[in-house]
Amino acid sequence: MMAFLQPLSPAKFYFWNGGFPIQSTEEPLLQQTLTVRDFFSQGKTMRALGVNEWLFVAISAVMTTSVIGLTIHRLVSIVDDDDSKTPALTICILVLLNAVFCFYYSINGVLCEKKFEIYSLTVSLILLLIYLIFDYFIVKDDIQDENVQSVQLARLVAASALAPFLMVLGFVVMRRFGLLQYRIVGAFVSLQNMHRQTCIFTSVLKLDFQAACNVAVLALQNGAQLAWPQISVLAAVIGGSLLWTCMGNFAMRRESRPLMWAFLLFSPALPAYCAFQFTASVEVLTTEANSRHFLHYSQLVACIASILLRFTTLPAAILVYRNFAKGLRERAFVVGIDERTPLRNSDVHAYS
């Protein structure tokens, strides 16, 4: 009879995570701080990363820093040139923008175990490769400097060699995600589903902001000779999109219904701007004989993608809104885990 009253060994407990049954063992708890909680999110520290995750972060850092460094060198040469090249300047800004987003998605996606940010990384890498191909094979015709052409080729080779490997490794790393969510909300299936919906919402919000920045940069037509109206519109679009993104994130974390209603109310602003840019690009393509039509075609695709993303964000926001006052805020955003709740050593190695 007393045998049935003995506590079960932790080795007999399992929980299911993305198709991988994880078995815990009776190993001592780590004394190091392996998780951290701040104002924005809860995630792992760099010390808690496994071998594959370290390799993923390292490859991402090497690729993005090399692309950013070579692009800054290219951008300085364009600005110093009296004969401003509009396509070259625009593409350089786009490459810098998307490279920064790629680096953010890789770091935050691993530390916070967000699968949809790994998906966003894949989309951003493809977009980055497209811009680099445009820059080398189309804009190269206007460049006579062999050093500049070498910089363009080096960027393209570095991105083309590392991006596919980074995509594949991202999916390998992503399959091991799930332990952090278990530590945040526990074994409650309903809370796990709600937490997963918030992760989808925040990831789509960031991708929406990235698309808005691409649309705003592609609207530049005067290269380095920007006029104040263009600068004002560019700042308004990017600043307004950033404010809208922060509003949605804060409304989700605080479960503020009035703020979420304001978030939904201002959501048609970017689609209206995209519709205007779409119409302007179509007019240019149908009336002007411009050798730089690829920028306008890119603007058409960016506008359509931005509108689709905005209409994807709204259902995700409604799902998050319906989860208000159901306990997720107290679990994930107020109480949560902190640096005083270490992981088990076995749990860490199971995901490495």
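**Surface, confidence and cores of the predicted chain**

The accessible surface of the protein chain is about 17600 Å² (Shrake-Rupley method, 1.4 Å probe; for residues, only the protein chains shown count as cover). Carbon and sulfur atoms hold 67% of this surface. The model is predicted: local features need pLDDT of at least 70, side-chain atom pairs count only at pLDDT 80 or more, and totals for chains, interfaces and linings use all residues. Residues are numbered from 1 along each chain as its sequence is written, and side-chain values use heavy atoms, with hydrogens and water left out.

Mean pLDDT (the predictor's confidence in each residue, from 0 to 100) is 76 for the protein chain. A value of 70 or more is reached by 74% of its residues. Residues 1-33 lie below 50. Beyond near neighbours in sequence, that stretch has 47 contacts (heavy atoms within 4.5 Å) in the model. Residues 335-352 also stay under 50. They have 54 contacts beyond four places in sequence.

The protein chain has 13 helices and four strands (DSSP runs numbered from the N terminus; helices H or I, at least four residues; strands E, at least two). Of its 352 residues, 48% count as buried (under 20% relative accessible area, 1.4 Å probe, protein chains only).

The largest nonpolar core (buried Ala, Val, Leu, Ile, Met, Phe, Trp, Tyr and Cys residues joined through side-chain atoms within 4.5 Å) has 53 residues. Phe56, Val95, Leu121, Leu125, Leu128 and Leu166 touch the most other members. Helix 3 gives the most to this core, with 10 residues. Outside its neighbours within four places in sequence, Leu128 contacts Met63, Val95, Asn98, Ala99 and Cys102. A second, separate core of 12 residues includes Phe201, Ala251, Ala316 and Ala317.

Technical notes:
Buried < 20%, exposed > 50% of the residue type's maximum accessible area, 1.4 Å probe, protein only.
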